Amino acid sequence: MVRLLGPHDRLLSTVEKQYPLVDVHVRGNQITLEGDPVQVAAARRLVDELLVMVRGGHDLGETEVTSSARILEQGAGSPAEVLSQAILTSRGKSIRPKTLGQKSYVDAIDDHTIVFGIGPAGTGKTYLAMAKAVQALTRKEVDRIILTRPAVEAGERLGFLPGTLTDKIDPYLRPLYDALNEMMDPELVPKLLASGVVEVAPLAYMRGRTLNNAFIVLDEAQNTSPEQMKMFLTRLGFGSKIVVTGDITQIDLPTGASGLQLVTRVLDGIDDIHFARLTSDDVVRHSLVGRIVDAYTKYDAEKQAQQYARENGLPDPLDGANREDRRRGLQGAPRDRANRRPRPGAGGR
C-alpha cells in the first residue's frame with residue numbers, strides 16, 4: 001500500500017486529479033472509491049493496473065499514473081504490460097518506457113534500421129536510444145556503440161576554450177558521457193572508450209567513414225545542416241542501426257535550414273525508416289515541463305499564423321482576440337479623467 005500511494009500520498013493525489021468526480025478513501029489496506037459511476041469504474045481499472053505493476057516490482061511515479069490512465073482511456077491495452085518491459089537494468093534501476101509514445105518509439109527501434117525520434121525536451125528521446133544501444137551491445141547484436149552530436153553553440157559565444165582538442169569539444173558531448181555512466185559500470189566505461197567499443201565524437205568526425213556492425217545515435221540533430229544530415233545517414237554500413245534524435249523547436253543554427261526538418265520530407269515513406277513523434281504527453285520530467293512545451297507550441301503557432309497573414313495581405317488572426325482581451329481588461333477598470341469622474345479611492349479636487 002505504501003508503494004501504491006507514494007510518499008505523502010502523492011500518487012493517490014494524482015489518481016484523484018485524473019478523476020475529479022471520484023472520492024478516494026484509504027484505510028489500512030482497503031481503498032474505497034465513491035462518486036460518479038463511470039469515473040469510479042475507470043479509477044478502479046487504474047488502481048488494479050497500478051497494483052499489478054507494484055507487485056511486479058515496478059517503481060511508480062506520477063508519470064506512470066498519468067500514462068496508465070491515458071492508456072486505459074485510449075483502449076491501448078494493459079498499462080502493466082505496455083510499461084513494464086525493461087530495456088536494461090543498471091545498479092538496481094530499471095530503464096523502461098514510461099508513456100505510450102515512448103513504448104512505440106522503443107518498438108520502432110527494434111523493428112527499423114533507421115529511426116528518427118522527434119519531440120520536445122524531456123521526452124526521453126536520447127536516453128531511451130542510448131539504453132537500446134547498450135542493450136544491443138550487451139546482447140552482442142553489435143560490436144560497438146557510436147554516439148555523436150553536432151558541436152553548435154546554444155546562443156552563447158564560448159570563444160577559444162583552453163586545452164587540447166578533446167578538452168574543447170568535451171562540453172558538447174558531456175550529456176552523452178553522463179548517460180553512459182548511468183547505464184553502465186562507471187569503471188567499465190573508460191575501458192570501452194579506450195578500446196573503441198564505445199565512441200563519443202562530434203558529427204564532423206563521421207565524414208568519410210563506413211560504420212559496420214554498430215549502433216549509432218545522433219543527438220541534437222536539429223542543429224545539423226541538410227548536408228551534414230545527408231553525410232551522416234550515408235555512413236550506414238552492414239549490420240548497423242541508426243537512431244536520430246532532436247527537437248525541431250530548439251534549433252541553434254545561426255543560419256540556414258535544419259537538416260532534421262528537411263529529412264522528414266525527403267525520406268518520408270521510405271521502407272525501414274521510421275519517424276517517431278513524441279509530444280508533451282510523453283514528457284517524463286517535472287510536470288511543469290509539459291505545460292511549458294504546450295505554451296511555447298501555442299505561441300509558435302500564433303506567430304506563424306501572424307506571419308502567414310502578413311505575407312498574404314490577410315487580417316491579423318489574433319487582432320480580434322487581442323481586442324476582446326483588451327475589452328475584458330477594461331471592464332470594471334476605474335474611469336479616467338476623460339470621463340471627468342475620479343477613480344475610486346482617489347481624492348477629488
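Strand E5 is largely enclosed by the rest of the structure, because 5 of its 5 residues are buried. This is a predicted model. Both faces of E5 are covered. On one side lie Ile114, Phe116 and Ile118, all buried. On the other side lie Val115 and Gly117, buried as well. In a regular strand the side chains alternate between the two faces of the sheet.

**The sheet around E5**

E5 belongs to an open sheet of 6 strands. The strand order is E7-E6-E8-E9-E5-E10, and the pairing is parallel. Strand E7 (198–202) and strand E10 (273–277) stand at the edges. Each has a single partner strand, so one side of each is left without a neighbour in the sheet. Neighbouring strands are turned by 15° against each other on average, direction ignored.

Strands of a sheet pair through backbone hydrogen bonds, either parallel or antiparallel. Three of the pairings here are listed below, each with one bridge partner pair.

| Strands | Sense | Bridges | One bridge pair |
|---|---|---|---|
| E5 and E9 | parallel | 5 bridges | Val115 and Val243 |
| E5 and E10 | parallel | 5 bridges | Ile118 and Arg277 |
| E8 and E9 | parallel | 4 bridges | Ile216 and Ile242 |

Strand E8 covers residues 214–218, and strand E9 covers residues 241–246. In E9, Ile242 is the bridge partner of Ile216. Helix H11 (residues 259–266) packs on the sheet. H11 touches strand E5 (114–118), E9 and E10. The direction of H11 makes about 125° with that of E5.

**Gly119, just past the strand**

Where is Gly119 found? Gly119 sits in the loop between E5 and helix H7 (125–138). Is Gly119 buried or exposed? Gly119 has a relative accessible area of 6%, so it counts as buried. Leaving aside residues up to four places away in sequence, Gly119 touches Lys125, Gly246, Asp247 and Leu278. Thr279 is 160 residues apart from Gly119 along the chain, yet their C-alpha atoms are separated by 5.7 Å.

**A helix pair: H3 and H4**

Helix H3 (residues 37–55) meets helix H4 (residues 62–74). Their axes come within 10 Å and cross at roughly 125°. That angle makes H3 oblique to H4. The crossing is right-handed. Which residues make the contact? H3 supplies Arg45, Leu46, Glu49, Leu50 and Met53. H4 supplies Val65, Ser68, Ala69 and Leu72. These contact residues divide into 6 nonpolar, 1 polar and 2 charged.

How values were computed. Residues numbered from 1 in each chain as written. Predicted model: local features only at pLDDT ≥ 70, side-chain atom pairs only at ≥ 80, totals over all residues. Heavy atoms only, no water. Axes fitted to C-alpha atoms, helices over the stretch in contact; angles between N-to-C directions. Helix = DSSP H or I, 4+ residues; strand = E, 2+ residues; numbered from the N terminus. Parallel < 35°, antiparallel > 145°, perpendicular 65-115°, else oblique. Left-handed = near helix turned anticlockwise from the far one by under 90°. Contact = heavy atoms within 4.5 Å. Nonpolar A, V, L, I, M, F, W, Y, C, P; charged D, E, K, R; others polar. Pairing = 2+ DSSP bridges. Buried < 20%, exposed > 50% of the residue type's maximum accessible area, 1.4 Å probe, protein only.
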